[in-house]
Amino acid sequence: METKNFQKYCAEIVTKIDRKYKIERDAQLALSQLIEELGELAKEINRKKLRRENPDSKKLEDEFADVFLQFAKLAEMHEVDLEKSVLQKIGELKKEVIWNNPMKLLDGKKLAEKILRNVRDEVSKMKKKPVLAMVLVGNDPASSIYVRRKGAFCEKAGIDSRTFKFPASISEKKLLRIIGNLNKDKNVTAIMVQLPLPEHIDKNKIIEAIDPRKDADCLHPLNFGRFVQSGEKYSVVAPATPLGIVKLLEEYKVKIEGKNAVVVGRSNIVGKPAAQFLMNRGATVTVCHRHTKNLAARTREADILVVAAGKKHLIKAGMVKRGVIVVDVGVNRTKNRRGLTSTVCGDVDFAAVSKKASYITPVPGGVGPVTIAMLLWNTIDLTNSK
Ligand SMILES: NC(=O)c1ccc[n+]([C@@H]2O[C@H](COP(=O)([O-])OP(=O)(O)OC[C@H]3O[C@@H](n4cnc5c(N)ncnc54)[C@H](OP(=O)(O)O)[C@@H]3O)[C@@H](O)[C@H]2O)c1
């Protein structure tokens with residue numbers, strides 16, 4: 001809402017109150033002055049926000065809330081029992097003034113570059129050089145892209161990566177033997193098995209076969225258990241994707257403590273550990289999944305919404321509240337008419353939801369790059385802990 005409209009609207013409210021309650025002239029004047037002050041503050045907030053000077057505008061928002069409170073108190077003092085509908089309208093107005101500005105992108109690409117520079121620095125100081133072994137089974141195009149991308153990040157960071165590719169027909173026994181050999185290889189300091197694996201292979205058996213001291217993805221029950229029981233500081237490694245999510249939130253100074261966080265998805269690699277991370281940082285967490293009744297009612301309660309369902313545009317604008325902080329983990333590939341992958345999009349309808357969000361991750365360029373950067377940190381930590 002334009003500031004001019006805001007002031008006009010507030011003036012209308014005062015007239016309405018006056019008409020209804022016939023308040024004294026000086027009280028009316030004081031209320032008008034406060035409204036004028038609110039208008040000025042709103043103007044300032046909008047101006048700062050347009051210039052993306054967020055820390056400052058946050059202070060102004062608090063001031064706005066204070067003046068608004070004074071307004072309500074003064075009205076109460078003069079026994080102006082503000083009608084529920086009037087209060088509701090002022091509330092909506094307040095939200096609009098605060099949130100009708102462009103949302104901020106949680107830029108994962110930028111953060112990943114920053115982390116990569118730190119990783120590179122760290123690697124240059126290490127006596128034992130980190131070596132990440134990546135095991136890729138089958139021809140899933142998405143998995144191949146992920147492994148290639150991880151390899152490219154390793155190269156940028158000065159980490160040696162080795163990819164071991166096998167056909168989808170490989171037996172579980174043979175794959176277990178390969179993992180065993182990588183465990184024994186003194187040069188390999190970290191191992192990552194790209195998931196999903198073909199159906200005839202028991203994923204859990206493979207994960208448990210990885211030496212926990214080389215488990216780059218924090219999938220081994222020993223590492224995952226330590227992380228769940230005592231947090232990431234106790235475990236050498238932490239699950240890379242949710243670790244990336246909290247790093248991204250922390251980079252943008254998003255306060256987690258005391259917030260209502262909703263996580264859509266409960267997988268071992270994203271949903272569950274993401275919920276754990278948020279809980280460890282003091283959020284009240286709700287985890288949703290396929291059996292959740294009325295998903296929209298849950299997601300609308302979220303101050304922080306993490307979505308990892310793998311369902312294109314599952315989250316629409318009507319499913320979030322204004323000012324929500326959205327982390328979209330989903331990676332969905334859409335095909336063009338020739339059946340080729342043309343675009344990648346997330347689980348959140350970005351175009352619509354970003355209009356209501358205060359912060360949101362793009363897809364691509366959000367959680368993905370930070371996840372890889374955190375995988376590299378895990379590789380370094382495993383190498384150093386030997
Ligand atoms: N950017 C990255 O770095 C990164 C890393 C990992 C994964 N991803 C992406 O994140 C997405 C999720 O990955 P994942 O490995 O966690 O997938 P997953 O193992 O398939 O788990 C998906 C979760 O979403 C829930 N779900 C599915 N449809 C739902 C719906 N309509 N309503 C509510 N919940 C629903 C499922 O519920 P049930 O448990 O009830 O089935 C499940 O818990 C995928 O798109 C994946 O490609 C991205």
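**An exposed lysine, a three-stranded parallel sheet and the ligand shell**

Lys-128 is exposed, since just 11 other C-beta atoms lie within 10 Å of its own, and a residue counts as exposed when that number is 12 or fewer. The model in which Lys-128 sits is a predicted one. Lys-128 belongs to the loop that leads from α5 (108–125) to β2. Once neighbours within four places in sequence are set aside, Lys-128 still has contacts with Thr-383 and Lys-386. Thr-189 is 61 residues away from Lys-128 along the chain, yet their C-alpha atoms are separated by 9.1 Å.

Stepping back to the whole chain, the protein has 386 residues, and buried ones make up 40% of them. Its secondary structure amounts to 14 helices and eleven strands. Contacts reach a good way along the sequence: taking those between residues at least 6 apart, 70% join residues at least 24 apart.

The loop holding Lys-128 runs into β2, and β2 is part of an open sheet of three strands, ordered β3-β2-β4, with parallel pairing. At the edges stand β3 (160–166) and β4 (190–193); each has a single partner strand, so one side of each has no neighbour in the sheet. From one strand to the next, the twist averages 20 degrees. As a general point, strands in a sheet pair through hydrogen bonds of the backbone, in either a parallel or an antiparallel way. Here, β2 (residues 131–137) and β3 are joined by seven bridges in the parallel sense. Along this pair, Leu-132 stands opposite Ser-161 of β3, and Leu-136 stands opposite Lys-165 of β3. Helix α6 (residues 141–157) packs on the sheet and touches both β2 and β3, with its direction at about 170 degrees to that of β2. Helix α14 lies across β2 and β4, and its angle to β4 is about 145 degrees. Strand β2 itself is mostly covered, with six of its seven residues buried.

Beyond β4, the chain enters the loop that leads to α8 (203–209), and Pro-196 is found there. Pro-196 is exposed because 12 other C-beta atoms lie within 10 Å of its own, which is right at the cut-off of 12 or fewer. Pro-196 and Asp-140 are 56 residues apart in sequence, but the distance between their C-alpha atoms is 8.9 Å.

Strand β8 (residues 325–328) is covered on both faces. In a regular strand, side chains alternate between the two faces of the sheet. In β8, Ile-325 and Val-327 are buried on one side, and Val-326 and Asp-328 are buried on the other. Strand β7 (residues 304–307) runs parallel to β8 and is joined to it by four bridges; within this pairing, Val-306 is placed opposite Val-327. Strand β8 also pairs in the parallel sense with β11 (residues 359–360), through two bridges. There, Ile-360 of β11 is the bridge partner of Val-326.

Helix α9 (residues 221–230) shows a two-sided pattern of burial. Asn-223, Phe-224, Arg-226 and Phe-227 are buried in this helix. Looking down the axis of α9, these buried residues fall within an arc of 160 degrees, so they line one face of the helix. That buried set packs against α11 (271–280). Gly-225 and Gln-229 are exposed on the other side of α9. Right after α9 comes Gly-231, with a positive phi near 90 degrees.

Turning to the ligand, 26 residues surround it, and those that come nearest are Ser-267, His-289, Arg-290, Gly-310 and Thr-371. By class, the shell comprises eleven nonpolar, twelve polar and three charged residues. The element that gives the most to this shell is helix α14 (residues 367–384), with three residues. This is the helix that also lies across β2 and β4 of the open sheet.

Definitions and conventions
Residues are numbered from 1 along each chain as its sequence is written. This is a predicted model: local features need pLDDT of at least 70, side-chain atom pairs count only at pLDDT 80 or more; totals for chains, interfaces and linings use all residues. A residue is near a molecule or strand if its C-beta atom, placed from the backbone, lies within 6 Å of it. Ala, Val, Leu, Ile, Met, Phe, Trp, Tyr, Cys and Pro count as nonpolar, Asp, Glu, Lys and Arg as charged, and the others, Gly among them, as polar. Two strands pair if DSSP finds at least two bridges between them. Axes are lines fitted to C-alpha atoms, for helices over the stretch in contact, and angles run from 0 to 180 degrees between N-to-C directions. Two residues are in contact if their C-beta atoms, placed from the backbone, lie within 7 Å. A residue is buried if 20 or more other C-beta atoms lie within 10 Å of its own, exposed if 12 or fewer, and partly exposed in between; C-beta atoms are placed from the backbone. The arc is that of the directions from the helix axis to the C-beta atoms.
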